[in-house]
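Work through the exercises below with the sequence and the model in view. Each task is followed by a solution in steps.

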Amino acid sequence: MENSQALFDASKRSYGSRRLSDGLKKAGFPVGRYKTRRVMAELNLGPCYPKANC
């Protein structure tokens, strides 16, 4: 879970579940998109796409 939090923060809070799961797979963690989505919901992580107000 802390790895997903760190990767999410490194992306400037812009990664969704698909990109986050791809990044975790590249880091060597065998997780799928739906498990990543569930972890994101547990940690209250939601993407904030780069805009003027984020």
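Buried means under 20% relative accessible area, exposed over 50%, and partly exposed in between (1.4 Å probe, protein chains only). Helices (H or I, at least four residues) and strands (E, at least two) are DSSP runs, numbered from the N terminus. The model is predicted, so local features need pLDDT of at least 70 and side-chain atom pairs count only at pLDDT 80 or more, while totals for chains, interfaces and linings use all residues. Residues are numbered from 1 along each chain as its sequence is written, and side-chain values use heavy atoms, with hydrogens and water left out.

**Exercise 1. Describe the chain as a whole.**

Step 1. Identify the elements: the chain has three helices and zero strands, in the order α-α-α from the N terminus on.

Step 2. Compare the radius of gyration, taken over C-alpha atoms, with the globule rule, 2.2 Å times the number of residues to the power 0.38. The chain has a radius of gyration of 11 Å, close to the 10 Å from the rule for 54 residues, so it is as compact as a globular protein of that length.

Step 3. Add the box and the burial. Along the principal axes, the C-alpha atoms fill a box of roughly 35 × 20 × 15 Å. Of the 54 residues, 26% count as buried.

Step 4. Turn to contacts, meaning heavy atoms within 4.5 Å. Among contacts with a separation of 6 or more, 48% come from residues 24 or more positions apart.

**Exercise 2. Find the two sides of helix α3.**

Step 1. List the buried residues: in α3 (residues 33–42) these are Thr36, Val39 and Met40. They cover an arc of only 100° around the axis, which puts them on the same side of α3. The arc is that of the directions from the helix axis to the C-beta atoms.

Step 2. Recall the helix geometry. An α-helix has 3.6 residues a turn, so residues three or four places apart point the same way.

Step 3. Look at the other side of α3, where Tyr34 and Ala41 are exposed.

Step 4. Name the cover: α1 (2–10) and α2 (17–26) are included in what covers the buried residues of α3. After α3 comes Asn44, with a positive phi near 55°.

**Exercise 3. Repeat the analysis for helix α2.**

Step 1. Ser17, Leu20, Ser21 and Leu24 are buried in α2. An arc of only 100° around the axis holds them, which puts them on the same side of α2.

Step 2. The face turned away from this buried side carries the exposed residues Arg18 and Lys26.

Step 3. The cover over the buried residues of α2 includes α1 and α3. Just after α2, Gly28 takes a positive phi of about 100°.

**Exercise 4. Follow two buried residues of α2 to their contacts.**

Step 1. Ser21 has a relative accessible area of 2%. Leaving out residues up to four places away in sequence, Ser21 touches Val31, Gly32, Arg33 and Thr36.

Step 2. With the same exclusion, Leu20 touches Ser4, Leu7, Phe8, Tyr15, Thr36 and Met40.

Step 3. Place Leu20 in a nonpolar core, a set of buried Ala, Val, Leu, Ile, Met, Phe, Trp, Tyr and Cys residues joined through side-chain atoms within 4.5 Å. The largest such core has six residues: Phe8, Leu20, Leu24, Val31, Met40 and Leu45.
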